[in-house]
Amino acid sequence: MHREIRRPERPAPGRGGHLVLVTGRRDDAVTFHNPSGHTPEAVSAALAPHRFDEFAARRGIVLHV
């Protein structure tokens, strides 16, 4: 994730940077934990899938438990 995902109201300036933990996905939202968020709202957040994708580097790990 680009570090500016903590400010999703602004345009995404790029992709990549650090990892976030996706905790859920519905048609209308991706919920995630961002350990580098600077406010409680930025640490545990939800964005529309297309907005989340604008910040993503499109690499990650999937765990099936």
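# Notebook: a first look at the fold

I began with the secondary structure and counted two helices and three strands in the protein. I note at once that this is a predicted model. Reading along the sequence, I get the pattern β-β-α-β-α.

**Overall form.** I looked up the radius of gyration next. The protein has 11 Å, which agrees with the value near 11 Å for a compact globule of 65 residues. I then took the box along the principal axes. The C-alpha atoms fill roughly 35 × 25 × 20 Å.

**Surface and burial.** How much of the protein counts as buried? I find 29% of the 65 residues in that class. The exposed surface comes to about 4,700 Å². Carbon and sulfur atoms supply 55% of that area.

**Contacts along the chain.** I looked at contacts between residues at least 6 apart in sequence. Of these, 41% join residues at least 24 apart.

**Charges.** I counted 10 positive and 7 negative charges. Their mean positions lie 7 Å apart.

**The core.** Which residues make up the largest nonpolar core? I list 10: Met 1, Ile 5, Val 20, Val 30, Phe 32, Ala 45, Leu 47, Phe 52, Phe 55 and Ala 56. I then asked which elements supply at least two of these residues each. They are strand E2 (30–33), strand E3 (44–47) and helix H2 (49–55).

I picked Ile 5 from this core for a closer look. I left aside its neighbours within four places in sequence. Ile 5 is then in contact with His 18, Phe 32, Asn 34, Leu 47, Phe 52 and Phe 55. Among these partners, Phe 32, Leu 47, Phe 52 and Phe 55 are also on the core list.

**His 2.** I moved to the segment before strand E1 (21–25), where His 2 lies. Is His 2 buried or exposed? His 2 counts as buried, because its relative accessibility is 13% and the cut-off is under 20%. Leaving aside neighbours within four places in sequence, I find His 2 in contact with Pro 13, Gly 14, Arg 15, Gly 16, His 18 and Phe 55. His 18 and Phe 55 also appear among the contacts of Ile 5.

**Thr 23.** I went on to strand E1, which holds Thr 23. At 55% relative accessibility, Thr 23 counts as exposed. What does Thr 23 touch, not counting residues up to four places away in sequence? I find Thr 31, Phe 32 and His 33. I also checked Thr 23 against Ala 46. The two are 23 residues apart in sequence and 9.6 Å apart in space, C-alpha to C-alpha.

**After H2.** I looked up two residues in the segment after H2. Arg 58 has its place there, and so does Val 62.

Arg 58 caught my eye for its backbone. Its phi is near 65°, a positive value in a residue other than glycine. Most residues other than glycine have a negative phi. Arg 58 counts as exposed, because its relative accessibility is 59% and the cut-off is over 50%.

Val 62 is exposed too, with a relative accessible area of 64%. I paired Val 62 with Val 22, 40 residues apart along the chain. Their C-alpha atoms are separated by 9.7 Å.

Definitions and conventions
Residues are numbered from 1 along each chain as its sequence is written. This is a predicted model: local features need pLDDT of at least 70, side-chain atom pairs count only at pLDDT 80 or more; totals for chains, interfaces and linings use all residues. Side-chain values use heavy atoms; hydrogens and water are left out. A nonpolar core is a set of buried Ala, Val, Leu, Ile, Met, Phe, Trp, Tyr and Cys residues joined through side-chain atoms within 4.5 Å. Buried means under 20% relative accessible area, exposed over 50%, partly exposed in between (1.4 Å probe, protein chains only). Helices (H or I, at least four residues) and strands (E, at least two) are DSSP runs, numbered from the N terminus. Contact means heavy atoms within 4.5 Å. The radius of gyration is taken over C-alpha atoms; the globule rule is 2.2 Å times the number of residues to the power 0.38. Accessible areas come from the Shrake-Rupley method with a 1.4 Å probe; for residues, only the protein chains shown count as cover. Lys and Arg count as positive and Asp and Glu as negative; His and the chain ends are not counted. The place of a charge is taken as NZ of Lys, CZ of Arg, CG of Asp or CD of Glu.
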